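Work through the exercises below with the coordinates open. Each task comes with its solution.

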Amino acid sequence: MSYKVLEENNIATVYLDGEIDMDVTDKAKEVIIPLIEAGKEVHINLKDVQYMDSSGISVLIESHQKGQEMNTRVVLKEISKSVLKVIMMAKLEQILIIE
Amino acid sequence: MINFSEHKDFEVNSGNLKNVRTFARGLFEKSEYLQNYQEELVLALAEAAQNIVKHAYNGKASNDTMRIKISYTEGLLEIELFDKGKPVVPENIKPRNLDDIKAGGLGTFFIGQIMDEVIFKTSKVDWVNHLILKKQF
């Protein structure tokens, strides 16, 4: 997994890339959670994520919950087909913010 | 119809999960039927392999190996995982309650959604845990 972060005004967009599994979830959380804790609206762009398992889904859930705790939005953007399939299998499409 | 049975051993660590997926994809591509379900099948296998690292070895890297065996015979896919970690207590394995928004148990839930049958065994002489995932095509 690789990533880049672009910040504009109070919105931070995290572009994740590659395959997200247990091996890289700590890295993903280290990037995303501090942005939420800083009170930014965080957009997680998933267009270049080819594979995500339950560990990756846990990052999305924890980010969403941290966003609620900090009263800021965590939005999933441009979700790839394979990741959307896993989100839907977990029945999270009505819970996570998807735009 | 193409039939095959292959296995490969991997050291137990989270960095090897990617190699497990690569091994599986290479085999699933051999069959047109399996190819159509490749993403889901790889997810089911990877979740089971992840459970070995996470639960049988408490998330710690080990020099032990886990064995992945994938067999496809007359439309029946069998994915077998062998490990020498902490013995699995099948009664303790519960898929996530979907109303409870947390990640724990999600992998087990995915496996159940994708595969037809999940069988735990502990009787193998050379291994401690033996998990069999089956799906009929």
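A salt bridge here is a side-chain nitrogen of Lys or Arg within 4 Å of a carboxyl oxygen of Asp or Glu. The model is predicted.

**Exercise 1.** How many salt bridges cross the interface of chain A and chain B? Check one pair by distance.

*Solution.* Apply the rule across the interface: it finds four salt bridges. Now take Lys85(A) and Glu40(B): their N to O distance is 3.4 Å. The cut-off is 4 Å, and the pair is a salt bridge. Then turn to polar contacts: eight residue pairs across the interface qualify, both residues at pLDDT 80 or more.

**Exercise 2.** Describe the side of chain A that touches chain B.

*Solution.* Start with the elements. Strand E3 (41–52), helix H2 (54–70) and helix H3 (81–89) of chain A each supply at least two residues. H2(A) gives the most, with six residues. Next, sort by residue class: ten are nonpolar, five polar and six charged. Count the participants: 21 residues come from chain A and 27 residues from chain B. Finish with area: the two chains bury about 2,000 Å² between them, and 61% of it is on carbon and sulfur atoms.

**Exercise 3.** Is Lys40(A) buried or exposed? Place it and list its surroundings.

*Solution.* Locate Lys40(A) in the loop between helix H1 (25–37) and E3 of chain A. Its relative accessibility is 17%, so Lys40(A) counts as buried; the cut-off is under 20%. Leave aside neighbours within four places in sequence. Lys40(A) then contacts Glu7(A), Asn9(A), Asn10(A), Ala12(A), Leu35(A), Thr72(A) and Arg73(A). With Glu7(A), the Lys40(A) side chain makes a side-chain polar contact at 3.1 Å.

Technical notes. Residues are numbered from 1 along each chain as its sequence is written. Chains are lettered from A and ligands numbered from 1 in the order in which they are written. This is a predicted model: local features need pLDDT of at least 70, side-chain atom pairs count only at pLDDT 80 or more; totals for chains, interfaces and linings use all residues. Side-chain values use heavy atoms; hydrogens and water are left out. Buried area is the accessible area (1.4 Å probe) that two parts lose on being put together, summed over both. A polar contact is a pair of N or O atoms within 3.5 Å; within protein, one must be able to donate a hydrogen and the other to accept it, and residues adjacent in sequence count only if both atoms are side-chain atoms. Helices (H or I, at least four residues) and strands (E, at least two) are DSSP runs, numbered from the N terminus. Ala, Val, Leu, Ile, Met, Phe, Trp, Tyr, Cys and Pro count as nonpolar, Asp, Glu, Lys and Arg as charged, and the others, Gly among them, as polar. Buried means under 20% relative accessible area, exposed over 50%, partly exposed in between (1.4 Å probe, protein chains only). Contact means heavy atoms within 4.5 Å.
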